[in-house]
Amino acid sequence: MTQDGSKGNKGQDKKAQQYGVTPQSVDFNDWYNEVVKKADLADNSPVAGAMVVKPYGSALWENIVRWLDDRFKATGHESLIFPTLIPMNFITREADHVEGFAPELFTVTKIGTEDLAEPYVMRPTSETIIGHMWSGWLNSYRDLPFLHYQWGSVFRAELRTKAFLRTSEFYWHEGHTAHVDEAEARAEVRMILDLYHEFCRDVLALPVVRGEKSASERFAGAVATYSIEGMMRDGKALQSGTSHYLGQAFSKAFDVKFQTREQKEDYAHTTSWAISSRIIGALIMTHGDDAGLMMPPNIAPIQVVIVPVGRKDNFDEMVAEGERLAAQLTQNGIRVKVDKRDGVTNGFKYNDWELKGIPVRIELGPRDLEAGVVVVKNRNSGEKQTLERDLAVGGMQERLDGIQAWLLKRATDFMLENTVTVDNYDEFKAAIEDGKWVRAFHCGDPESEKAIKDETKATVRNVPLDDAEFFAEREEGVCFHTGKPAAYGKRILFGRQY
């Protein structure tokens with residue numbers, strides 16, 4: 001089914017399928033999978049459910065890691081490294097936690113040919129082993145807060161996989177902090193949520209809704225879970241980051257206690273939070289078009305690509321000139337690549353770089369060199385301009401900033417235009433079937449949520465925070481599903497999800 005409700009025609013636009021990708025309107029799923037592979041982000045691996053991230057995808061992830069890591073350190077957090085394997089008994093100590101993760105666990109039962117006395121699990125997340133270690137590190141309130149995080153991969157069995165979005169091994173940071181009281185821990189949770197929101201908005205050009213998850217959508221073992229939710233171009237929601245207040249449950253399970261100022265014994269209040277490599281999936285599905293990716297300049301591994309255009313007798317000269325131009329742009333802090341490939345048509349190169357979503361392409365040929373100009377094309381608009389070389393170089397950062405702002409506005413407008421407000425269940429079902437997000441009053445009953453999900457495949461995305469950028473206004477009403485008085489004091493957000 002396409003975005004307009006028609007079945008589409010997979011035979012159309014054969015040229016696009018041969019040299020580019022299936023149009024989004026024909027099959028959004030095929031479009032996504034083709035973009036991931038043809039843009040050289042990732043490939044399948046011989047390990048079921050796992051992917052190989054290729055150099056271009058790895059460079060994008062490195063930029064994401066670099067920005068977030070700098071901000072974590074700037075806010076006083078310290079990185080550490082924990083084992084991949086966790087004793088099985090750690091997972092079972094916190095009842096809600098084990099119930100939530102049991103179907104997803106990878107279990108190790110042998111070392112060589114010897115059976116283990118107790119199995120290990122490959123970490124699905126690290127609250128348990130970190131709690132175990134904290135119990136030996138924590139003595140007094142003076143030791144707190146613990147502000148820790150690590151980068152790595154985690155393992156959760158997935159039956160239906162999709163590169164970056166759902167894989168059995170994926171990459172992330174996981175933050176873990178311990179505090180003297182609930183107020184301090186909750187402040188940490190909110191600070192991280194706001195940091196994620198800033199990162200998505202200002203760096204990835206992704207508009208996201210900040211809010212609290214309903215009880216049935218919380219992280220296993222959490223007291224409260226907060227999320228940022230983004231809308232993809234097929235109307236589905238993607239949970240793009242989470243921040244959890246865990247209360248004292250994990251501390252009690254692992255004896256993470258300390259002596260208070262009053263010389264009493266208490267358990268630490270803990271948090272955890274994460275953004276994973278699925279944010280790359282969000283980037284693809286929020287900004288891509290029928291030509292492939294559109295990389296926001298602030299995160300793009302390559303912001304400008306220079307394509308030397310020449311014949312066999314002068315191609316090397318044009319490459320050398322392209323490198324001189326690249327050096328000028330690099331001095332201005334621009335990330336640049338010169339396409340030195342020989343024996344490949346210019347048309348193939350142009351298509352390749354558009355597929356990879358490079359924000360700006362510069363074409364440089366012998367006539368341009370003689371005239372002191374270059375041809376500049378913006379990926380987002382397709383507009384070409386012939387500019388004096390110095391003008392193109394001097395105005396490049398402003399051009400990139402304009403593309404960044406354009407992408408954020410385009411994504412924001414799309415989200416707002418495809419979010420509707422409803423007051424009854426018939427309107428709700430029609431809107432969900434039409435691929436919309438829905439704002440509606442709800443009673444907060446988990447059984448009602450389950451019934452809605454079973455019938456429509458829509459779930460509560462979150463309850464927008466009072467100061468959230470979108471959908472924050474407070475209202476009173478009755479539940480669209482049960483007719484009971486609404487909970488939360490506002491309309492909450494529903495949608496189908498990835």
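**Figure 1. Lys 484 and Asp 445 pair up across two loops.** In this predicted model, Lys 484 is partly exposed, with a relative accessible area of 42%. Its partner, Asp 445, is also partly exposed, at 24%. The two side chains meet in a salt bridge, with 3.9 Å from N to O. Lys 484 sits in the loop between β22 and β23 (492-495), while Asp 445 belongs to the loop between β21 (437-440) and α16 (446-456), so the pair ties together parts that are 39 residues apart in sequence.

**Figure 2. Lys 429 and Asp 426 form a salt bridge within one helix.** Here is a pair that stays local: Lys 429 and Asp 426 both lie in helix α15 (residues 425-433). They are 3 residues apart, about one turn of the helix. The closest N and O atoms of this salt bridge are 3.9 Å apart. How accessible is each partner? Lys 429 counts as partly exposed at 29% relative accessibility, whereas Asp 426, at 58%, counts as exposed.

**Figure 3. Glu 229 and Arg 461 join two strands in a buried salt bridge.** Glu 229 is found in strand β10, and Arg 461 in strand β22 (residues 459-464). The pair links distant parts of the chain, with their positions 232 residues apart. The closest N and O atoms in this salt bridge are 3.1 Å apart. Are these two charged residues buried or exposed? Both Glu 229 and Arg 461 are buried.

**Figure 4. Six residues share a network of salt bridges.** Some salt bridges connect into a group, and this view gathers one such network. The linked residues are Asp 40, Lys 54, Asp 339, Arg 341, Asp 352 and Lys 356. For the whole structure, the count comes to 40 salt bridges.

**Figure 5. The largest nonpolar core has 62 residues.** In soluble globular proteins, nonpolar side chains tend to be buried together. In this model, Ile 64, Phe 164, Leu 204, Ile 279 and Ile 284 touch the most other members of the largest core. Which elements give two or more residues to this core? They are the helices α2 (28-38), α3 (55-74), α7 (182-203), α9 (278-287) and α11 (346-355), together with the strands β10 (224-231), β11 (237-247) and β15 (304-308). Helix α7 gives the largest share, 9 residues. Apart from this core there is a second, separate one of 25 residues, which includes Phe 82, Phe 90, Phe 101 and Phe 219.

**Figure 6. Leu 204 and its neighbours.** This close-up stays with one of the residues that touch the most other members of the largest core, Leu 204. Setting aside residues up to four places away in sequence, Leu 204 touches Phe 199, Ile 279, Leu 283, His 287, Pro 296, Ile 299 and Gln 404.

**Figure 7. Leu 408 in helix α14.** Leu 408 lies in helix α14, which spans residues 396-417. At 25% relative accessibility, Leu 408 counts as partly exposed. Beyond its neighbours within four places in sequence, Leu 408 is in contact with Arg 201, Ala 205, Leu 206 and Pro 207. How far is the C-alpha atom of Leu 408 from that of His 287? The separation is 8.9 Å, although the two residues are 121 residues apart along the chain.

**Figure 8. Cysteines without disulfides.** The structure holds 0 disulfides. Why is Cys 443 in no disulfide? The nearest cysteine sulfur, that of Cys 479, is 3.8 Å away, whereas a disulfide needs sulfur atoms within 2.5 Å. Cys 443 is buried, with a relative accessible area of 15%. Cys 200 is buried as well, at 0%.

**Figure 9. Stepping back to the protein chain.** To place the close-ups, this last view takes in the chain with its 16 helices and 23 strands. The radius of gyration is 25 Å, close to the 23 Å that the globule rule gives for 498 residues, so the chain is as compact as a globular protein of that length. Its C-alpha atoms fill a box of roughly 80 × 55 × 50 Å along the principal axes. Of the 498 residues, 53% count as buried. Among contacts with a separation of 6 or more, 69% come from residues 24 or more positions apart. The chain exposes about 22,000 Å², and carbon and sulfur atoms supply 49% of that area.

Methods. Residues numbered from 1 in each chain as written. Predicted model: local features only at pLDDT ≥ 70, side-chain atom pairs only at ≥ 80, totals over all residues. Heavy atoms only, no water. Core = buried A, V, L, I, M, F, W, Y, C linked by side-chain atoms within 4.5 Å. Buried < 20%, exposed > 50% of the residue type's maximum accessible area, 1.4 Å probe, protein only. Helix = DSSP H or I, 4+ residues; strand = E, 2+ residues; numbered from the N terminus. Contact = heavy atoms within 4.5 Å. Rg over C-alpha atoms; globule rule 2.2 N^0.38 Å. Areas by Shrake-Rupley, 256 points an atom, 1.4 Å probe, with all protein chains shown as cover. Salt bridge = Lys/Arg side-chain N within 4 Å of Asp/Glu carboxyl O.
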